[in-house]
Amino acid sequence: MAEALILNGVAMAAEIKGLVAERAAAFAAAAKRQPGLAVVLAGENPASQVYVRSKLKLARELGFHSVERRPPADIVKDALLALIASLNADEAIDGILVQLPLPAHIGAEEAIAAIAPEKDVDGFHVVNAGRLFIGKPAFVPCTPLGCLRLIKSAQPKLTGLNAVVVGRSNIVGKPMAHLLLAEDCTVTLAHSKTKDLAAVVSGADILVAAVGRPGMIPGAWIKPGAIVIDVGINRVPGLEGKSKLVGDVDFETARHVAGSITPVPGGVGPMTVAYLMANTCRAAFLRHGLPWQDGI
Ligand SMILES: NC(=O)c1ccc[n+]([C@@H]2O[C@H](COP(=O)([O-])OP(=O)(O)OC[C@H]3O[C@@H](n4cnc5c(N)ncnc54)[C@H](OP(=O)(O)O)[C@@H]3O)[C@@H](O)[C@H]2O)c1
């Protein structure tokens, strides 16, 4: 049976990080300071702590100035907004990331709205979402940016292809659909109320699954030769009482049908953090009035 090309997100992310490090050095030479990333982590969520630590470590490795702000879980909303305002005003900071989820008493929307759009390197601010919607340059969420790069590594020209995105979250599904639309794909955005998802998926030349349900898309649904991007990260029981990570696509059946496919782990995940660094570097260039060349 034919085997899909495995889209190696680890290798591709390494390439992107290398390019970002080069640009960070060029920025430092021109601006006489490093690109600056600030990460705000409110509270002690263990998974968030791991994510934040790895983002800050990578930022340092790529030659960024990085700062961590760790307010307690019971910080009042106005104090968190004031903290974000101080980072907006800090000339050494180009990108601000507020790690989600926030403590339950603080709405994520309000915190994100407080970030200056030109420092919104997660691309979650409504100004950036709106700019993406109307086809203007924007900070685009990092996961869909990584997905698009993986897709283009398999097929550089996407014009006219049928793309199906399963999942319509603001951070993955919707921006992904807009990126594919901007590439002149014919885009279908599916979700939990979609009728006959199997039929919808079977028409996809490009399939992006961003749901959060382990193995919900079997190989039998996939169009032969399709590009399959699996965003899902699901922890399921593994061997010997251990757990393992799987995606939303049933990899073992899909790999015999798809033309190319991302593994989980090692596909989309590493690309997300690489693009956070790319977005931060880009923010530094733009804030400093330096030209930013596409191609990362
Ligand atoms: N690799 C990475 O870097 C990365 C980054 C972000 C997220 N993720 C992973 O990607 C997955 C999705 O994340 P998210 O934040 O986008 O999730 P989310 O906000 O929970 O959204 C899930 C989406 O899936 C849809 N859905 C749920 N059940 C469905 C079904 N049976 N059929 C079709 N659609 C269904 C939902 O539809 P409704 O809108 O109708 O409810 C919703 O739009 C998660 O596993 C997450 O861990 C990975």
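**Briefing: fold dimensions, surface and nonpolar cores**

For the 296 residues of this chain, a compact globule would have a radius of gyration near 19 Å, and the chain agrees with that expectation because its own value is 19 Å. The model is predicted. Its secondary structure comprises ten helices and eleven strands.

**Overall dimensions and contacts**

- Taken along the principal axes, the box filled by the C-alpha atoms is roughly 55 × 40 × 40 Å.
- Among contacts with a separation of 6 or more, 68% join residues that lie 24 or more positions apart.

**Burial, surface and charge**

- Of the 296 residues in the chain, 46% are buried.
- The exposed area of the chain is about 13,700 Å², of which carbon and sulfur atoms supply 58%.
- The chain carries 29 positive and 26 negative charges, and the mean positions of these two sets are 1 Å apart.

**Nonpolar cores**

- The largest nonpolar core holds 58 residues, and the members that touch the most others are Val20, Ile151, Leu180, Ile206, Val208, Ile229 and Met277.
- Helix H10 (residues 268-287) provides the largest share of this core, with eleven residues.
- Leaving aside residues up to four places away in sequence, Val20 touches Leu62, Phe64, Met277, Ala278, Cys281 and Ile296.
- Met277 therefore appears both among the core members that touch the most others and among the contacts of Val20.
- A second core, separate from the largest one, consists of 17 residues, including Val201, Ala204, Val249 and Ile261.

How values were computed
Residues are numbered from 1 along each chain as its sequence is written. This is a predicted model: local features need pLDDT of at least 70, side-chain atom pairs count only at pLDDT 80 or more; totals for chains, interfaces and linings use all residues. Side-chain values use heavy atoms; hydrogens and water are left out. Helices (H or I, at least four residues) and strands (E, at least two) are DSSP runs, numbered from the N terminus. The radius of gyration is taken over C-alpha atoms; the globule rule is 2.2 Å times the number of residues to the power 0.38. Buried means under 20% relative accessible area, exposed over 50%, partly exposed in between (1.4 Å probe, protein chains only). Contact means heavy atoms within 4.5 Å. Accessible areas come from the Shrake-Rupley method with a 1.4 Å probe; for residues, only the protein chains shown count as cover. Lys and Arg count as positive and Asp and Glu as negative; His and the chain ends are not counted. The place of a charge is taken as NZ of Lys, CZ of Arg, CG of Asp or CD of Glu. A nonpolar core is a set of buried Ala, Val, Leu, Ile, Met, Phe, Trp, Tyr and Cys residues joined through side-chain atoms within 4.5 Å.
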